Amino acid sequence: MSGFHEIIESAHIAQRLYAQLPGSERLKLMNKLVDALSGWKDDFVRIISAETGKPRADAESEFMATLERIGYTMQDAREMFGTFVPSGWSDDTRDRMAIVMRVPLGVVAVIGPFNYPLFIPAGKAVAALLAGNAVILKPSSYTPNTMILFEKAVLKAGFPVNVFRVVTGSGSTVGRELVSSPLVDAVLFTGSTPVGEEITRTAGVKRLQLELGGKGVALVLGDADLELAAEQIVEGALKNAGQRCDAVSVVYYVGPNNGDRFVEHVKAEVVRWIAGHPEQPLISENAVVFVHRRIAQALADGANLIIGGTVRGRYVQATVLDHVSPLSDITHVETFGPVIPIVRLDTVSEALSHHNALSGGLDSSIFTKDLVRAIALAGEMRTGSVTINAHPKHGVGMFPYGGTGTSGIGREGIGYTLREVTELKTVVLPAYEPSNTPKE
């Protein structure tokens, strides 16, 4: 793949010049990028919808969220300003002081997922470009055209040639070549845990920011507002057909009381969801097979089918399973489909034990009227974030997000992504020592 190596080498050379641009000039380029994207809004919405199967309204929402993310990232450019460390705060620094700079890493590889083909890779790329890096971006093979159009917008905005490139192809060839290149200084990836683990084995010593798979747990206590819990869990589980990193993908209902009433609320909410939202296909036939097998295994393990369970082409009907065994695959393997498995447990400690036995954690939630107890429980849950009395959602990234364990490395979000694509450089200077004798 000699031609591909030339792309990486060209980005490496271009970055050295691009990093010398004043920050104000990079901000001007970002404003021009927003203008270029805005001019092609309808094209982006159409391509996102065609590639992912999202309804037009959801595709438009993703586009607008991308513009909002770029705006917030520009506002947070002061993350690049660095800090000053004065002298005299330890015996060995009486004669020294330091300027701690934030500097770009160099060439940043961005590998995007299929479920948000514009918002997720663009959020990573914009932060990297604003910091002075060059970016080589590989979109999902299911959704390449969204980022190909984004590349045209970057060029239209006037970014230097080779500072931003989109490459397409399989992860096993193009992705591996990109990740393993010694000229690539960082890898930012959103996707499955197995691929993330392969990146850690292949990348060598370089900066990694990985948002990987997780099992989004909703912990529902018996004192919760059950109607609110059902509404939030259904939305969190079924939005984008469950193909979201922050999706609710298993429910632990704790306690002997009101379990049946909670399940009835969930069923009624699913019926309303089906009536009010367009049916959305999964990304591939393989994804359908995977989800359907998890449902079938849960039923074989003794679960009750409350609603759904059927498959038609690439469509999986919204499904609710009750009395699911906590040992079934569907309770600990990321489903990425429109399924709500409900596990009934006797105690909170039992729920915590099952939750923290998961290999990783990205987003979880707790439903209870006792906020003090909720905060205490959140502190005990092994996961990247805990949302109380609502389903998790990353939104435009105002709150930092990322996983623990096998769910990832590092954090994303406004300001936080900028930190992931920069490193600290300390410049130590001699300190000024005033004379003890006042001068006339």
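A salt bridge is a side-chain nitrogen of Lys or Arg within 4 Å of a carboxyl oxygen of Asp or Glu. I needed that before anything else, and I also noted that this is a predicted model.

**Entry 1: charged pairs**

I began with the R56 and D42 side chains, which meet in a salt bridge at 3.6 Å, N to O. That fits under the 4 Å cut-off, so the pair counts. Next I looked up where the two partners sit. R56 belongs to helix α4 (residues 56-75) and D42 to helix α3 (residues 41-52), so I wrote down a link between distant parts of the chain, 14 residues apart. Are they buried or exposed? R56 is partly exposed, with a relative accessible area of 45%. D42 reaches 51% and counts as exposed, because the cut-off for exposed is over 50%.

Then I turned to D91 and R94. Their side chains form a salt bridge at 3.2 Å, N to O. Both D91 and R94 are exposed.

My third pair was R165 and E151, with 3.9 Å from N to O. This one also links distant parts of the chain: R165 is in strand β5 (residues 164-166), E151 is in helix α6 (residues 144-157), and they are 14 residues apart. R165 is partly exposed at 25% relative accessibility. E151 is buried at 15%, because buried means under 20%.

I also found a network: R176, E198 and R201 are joined by salt bridges that share partners. How many salt bridges does the structure hold? I got 18. A reminder to myself: side chains of opposite charge can pair when their charged atoms come close.

**Entry 2: an open sheet**

I looked at a sheet next. Three strands make it up, in the order β1-β2-β20, and the sheet is open with antiparallel pairing. Why do β1 and β20 each have a side without a neighbour in the sheet? β1 (83-85) and β20 (422-430) stand at the edges with a single partner strand each, so one side of each stays free of a neighbour. Neighbouring strands here are turned by 25° against each other on average, direction ignored.

I then followed one pairing along. β2 (residues 96-104) and β20 run antiparallel and share nine bridges. If you want a spot to click on, A98 stands opposite V428 in β20. Strands of a sheet pair through backbone hydrogen bonds, either parallel or antiparallel.

**Entry 3: a buried strand**

For the other kind of pairing I went to β8. Five bridges join β8 to strand β9 (residues 250-254), and these two run parallel. L221 has V254 in β9 as its bridge partner.

What surrounds β8 (residues 217-221)? Five of its five residues are buried, so β8 is largely enclosed by the rest of the structure. I checked which way the side chains go: V217, L219 and L221 point one way, while A218 and V220 point the other way, and all are buried. This matches something I should remember: in a regular strand the side chains alternate between the two faces of the sheet.

**Entry 4: pockets**

How much space lies in the largest pocket? About 1200 Å³. I listed 50 lining residues, and F189, G191, S192, T193 and V195 lie nearest the centre. Helices α7 (171-180), α8 (193-202) and α11 (285-300) and strand β6 (186-190) each supply at least two lining residues. α8 gives the most, with seven. By class I noted 19 nonpolar, 25 polar and six charged residues in this lining.

The second largest pocket has a volume of about 510 Å³. It is lined by 22 residues, and Y116, F119, K239, R244 and G395 are the closest to its centre. The elements giving two or more residues are α4 and α5 (119-130). The largest share, five residues, comes from α4. That is the helix where I placed R56 in my first entry. The classes in this second lining are eight nonpolar, six polar and eight charged.

**Entry 5: one cavity**

Last, I searched for closed spaces. There is one cavity of 30 Å³ or more, and about 50 Å³ of space lies in the largest cavity. Of its 13 lining residues, G242, R244, A247, S249 and F336 are the closest to the centre. R244 had already turned up by the centre of the second largest pocket. The cavity lining has five nonpolar, six polar and two charged residues.

Note on methods
Residues are numbered from 1 along each chain as its sequence is written. This is a predicted model: local features need pLDDT of at least 70, side-chain atom pairs count only at pLDDT 80 or more; totals for chains, interfaces and linings use all residues. Side-chain values use heavy atoms; hydrogens and water are left out. Two strands pair if DSSP finds at least two bridges between them. Helices (H or I, at least four residues) and strands (E, at least two) are DSSP runs, numbered from the N terminus. Axes are lines fitted to C-alpha atoms, for helices over the stretch in contact, and angles run from 0 to 180 degrees between N-to-C directions. Buried means under 20% relative accessible area, exposed over 50%, partly exposed in between (1.4 Å probe, protein chains only). On a 1 Å grid over the protein atoms alone, a cavity is a set of points where a 1.4 Å probe fits but cannot get out, and a pocket is an open set with protein on both sides within 12 Å along at least five of seven lines; lining residues have an atom within 4 Å of a point. Grid points are joined across faces, edges and corners, and a volume is the space filled by probe spheres set on the points. Ala, Val, Leu, Ile, Met, Phe, Trp, Tyr, Cys and Pro count as nonpolar, Asp, Glu, Lys and Arg as charged, and the others, Gly among them, as polar.
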